[in-house]
Amino acid sequence: MIKHHPTFELIQSYVNGDLPASLSAGISIHAEMCPKCQQHISQLTEQIAAVSFEEDSFDIEYFEESSFEENSFEQLAEAGDFKLNIDEMVSNITQSKDITQVVSSTEKCISFNNKKYTLPRALNNMQLDKPVNIGKLSRARIQLSENEIHTSLLKINPGGGVPQHTHNGFELTLLLDGSFHDEQGEYHKGDFIMLDGSHQHNPVSDQGCLCFTVANGALHFTQGINKLLNPIGSFIY
Amino acid sequence: MQTNLLSKVTNDKSIPMSDSIDHPQLCQWLKAVAETRDKRAFTHLFAFFAPKIQRISRRKFPNDAQANEVVQETMSNVWRKAHLFDADKGAATTWVYTVMRNVSFDMLRKIKGNKEDNLSDDIWPIAESLQAEDSSFEDHLENKQLLNVIENLPEAQQQVVKGFYLMEMSQEQLATHLNLPLGTIKSRLRLALAKLKVQLGEKHD
């Protein structure tokens, strides 16, 4: 049962296309597993689309009245601040005989310690680095070129965890498989967990799990000997 | 008939459609582009959407040239992907919005990160139309599976099944064609179907 969902603001930015690819993929993957959010996204898209395309005065009636003569588009073009040559663009576009065929892309897989996972569709064309192991953690970086934002697949092997830490920025953990728990409770497949610098946690996975993680700052370890790990905090997430 | 027409709900979506957009007209134009590559319908769509796309894009992109590129690219996609639009799954505005949003997203990534990885269609499959595409693709696979099962039938039964279902011949035509009594055709068909049911049933369990 999925208990943690993206906020309304995040979903709205997602629908607008304003989030970075990393977070957009996170919401897309979550929605694929969460019918509730999927429906929410569909409705919001429909609303935003309708509002976007109705907000100015170019009315369809304009054409119906003008009985659609060739020059009606020219008039239209002059009517607004629209400086495109409609006729030329239309004839360029319609010259193309191409029809885009949808090919269902092949599934992309990744192996961590010989366990093979099929990756969500959103990651199909993303470039994945080879997994790097640190104790019971394995991490494969996803190369998205988003500067300070780091995106990874993080595998926690059974009994493993990430030491008590805070975040300098935000940290998204999306559970793709398995479960883990921290001070706040238990998390399951599909949970979308967004944390910021005000949270401290120490996630542990008894059975092991695979997460999609996005973070825009290094982890900051806060407890005892683990403080020694701080230099590698940026290495994990 | 009359009552049927009246009771038919055209679009049972929960979102109230605004009156200022003629949604059925937009759908009709998109269909005309998809089905008959209708340039005039496309011109209507272009005149409706292009100025709006340009205006929306000017908020996301710093200059006219880039905003115009979004217009060009979005409308090209509308021309090439119109067949993916499914009026039962949502409004034309939603579909075009999705196409535009995806074009802008990929372009912004290209400008900001110098990445030409075109991730948008993986992140936002072109509205629900992709799902429709998927399901017809699955049907296609099942057809294949069905054909395999048919190939395993005894030759005599295969002939009848293929003739009846794939070539859509009538049982009478098959009897004449195969020079067999009609009763034989009927019983072979019945036997074959019983076998198909068992085999397909097993696989579906």
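Let's start with a loop. Asn113(A) sits in the loop between β1 (109-112) and β2 (115-118) of chain A. Helices here are DSSP runs of H or I with at least four residues, strands are runs of E with at least two, and both are numbered from the N terminus. Asn113(A) is not a glycine, yet its phi is positive, about 45°. Most residues other than glycine have a negative phi. Asn113(A) has a relative accessible area of 43%, so it is partly exposed. The cut-offs, with a 1.4 Å probe and protein chains only: buried is under 20% relative accessible area, exposed is over 50%, and partly exposed is in between.

There is another such residue. Asn147(A) has a positive phi near 50°, and it too is a residue other than glycine. Asn147(A) lies in the loop between β5 and β6 of chain A. Asn147(A) is exposed, at 68% relative accessible area.

A word on what you are looking at. This is a predicted model, where local features need pLDDT of at least 70 and side-chain atom pairs count only at pLDDT 80 or more, while totals for chains, interfaces and linings use all residues; side-chain values use heavy atoms, with hydrogens and water left out. Residues are numbered from 1 along each chain as its sequence is written, and chains are lettered from A and ligands numbered from 1 in the order in which they are written.

Now confidence. pLDDT is the predictor's confidence in each residue, from 0 to 100. For chain A the mean is 82, and 78% of its residues reach 70 or more. Which elements of chain A have the lowest and the highest mean pLDDT? The lowest is α4(A), at 38, and the highest is α2(A), at 97. Over residues 57-72 of chain A, pLDDT stays under 50. The model has 26 contacts beyond four places in sequence for that stretch. A contact means heavy atoms within 4.5 Å. Residues 74-81 of chain A are also below 50, with twelve contacts beyond near neighbours in sequence.

Next, chain B. It has ten helices and zero strands. Of its 205 residues, 44% are buried. Take the contacts in chain B with a separation of 6 or more: 55% of them come from residues 24 or more positions apart.

On to the interface. How many residues of each chain are in contact? The count is 57 residues of chain A with 64 residues of chain B. Together the two chains bury about 5300 Å², 62% of it on carbon and sulfur atoms. Buried area is the accessible area (1.4 Å probe) that two parts lose on being put together, summed over both.

The rule also finds 16 residue pairs in polar contact across the interface, both residues at pLDDT 80 or more. A polar contact is a pair of N or O atoms within 3.5 Å; within protein, one must be able to donate a hydrogen and the other to accept it, and residues adjacent in sequence count only if both atoms are side-chain atoms. Several helices of chain A each supply at least two residues to the side that touches chain B, including α1 (8-16), α2 (21-33) and α3 (35-54). α3(A) gives the most, with eleven residues. By type, that side of chain A has 27 nonpolar, 18 polar and twelve charged residues. Ala, Val, Leu, Ile, Met, Phe, Trp, Tyr, Cys and Pro count as nonpolar, Asp, Glu, Lys and Arg as charged, and the others, Gly among them, as polar.

Last, salt bridges. Side chains of opposite charge can pair when their charged atoms come close. The rule is a side-chain nitrogen of Lys or Arg within 4 Å of a carboxyl oxygen of Asp or Glu. The whole structure has eight over all chains. Between chain A and chain B there are two. In one salt bridge, Asp18(A) pairs with Lys60(B), closest N and O atoms 3.3 Å apart.

Arg109(B) also forms a salt bridge with Glu146(A), at 3.5 Å, N to O. Why does this pair join two chains? Because Arg109(B) is in helix α5 (residues 92-113) of chain B, and Glu146(A) is in the loop between β5 (137-143) and β6 (150-156) of chain A. Both Arg109(B) and Glu146(A) are buried.

Arg109(B) has a further partner, Asp117(B), with closest N and O atoms 2.8 Å apart. Asp117(B) is buried too. Through shared partners, salt bridges join Glu146(A), Arg109(B) and Asp117(B) into one network.

Within chain B, Asp64(B) forms a salt bridge with Arg58(B), at 2.7 Å between the closest N and O atoms. Buried or exposed? Asp64(B) is partly exposed at 36% relative accessibility, and Arg58(B) is partly exposed at 37%.
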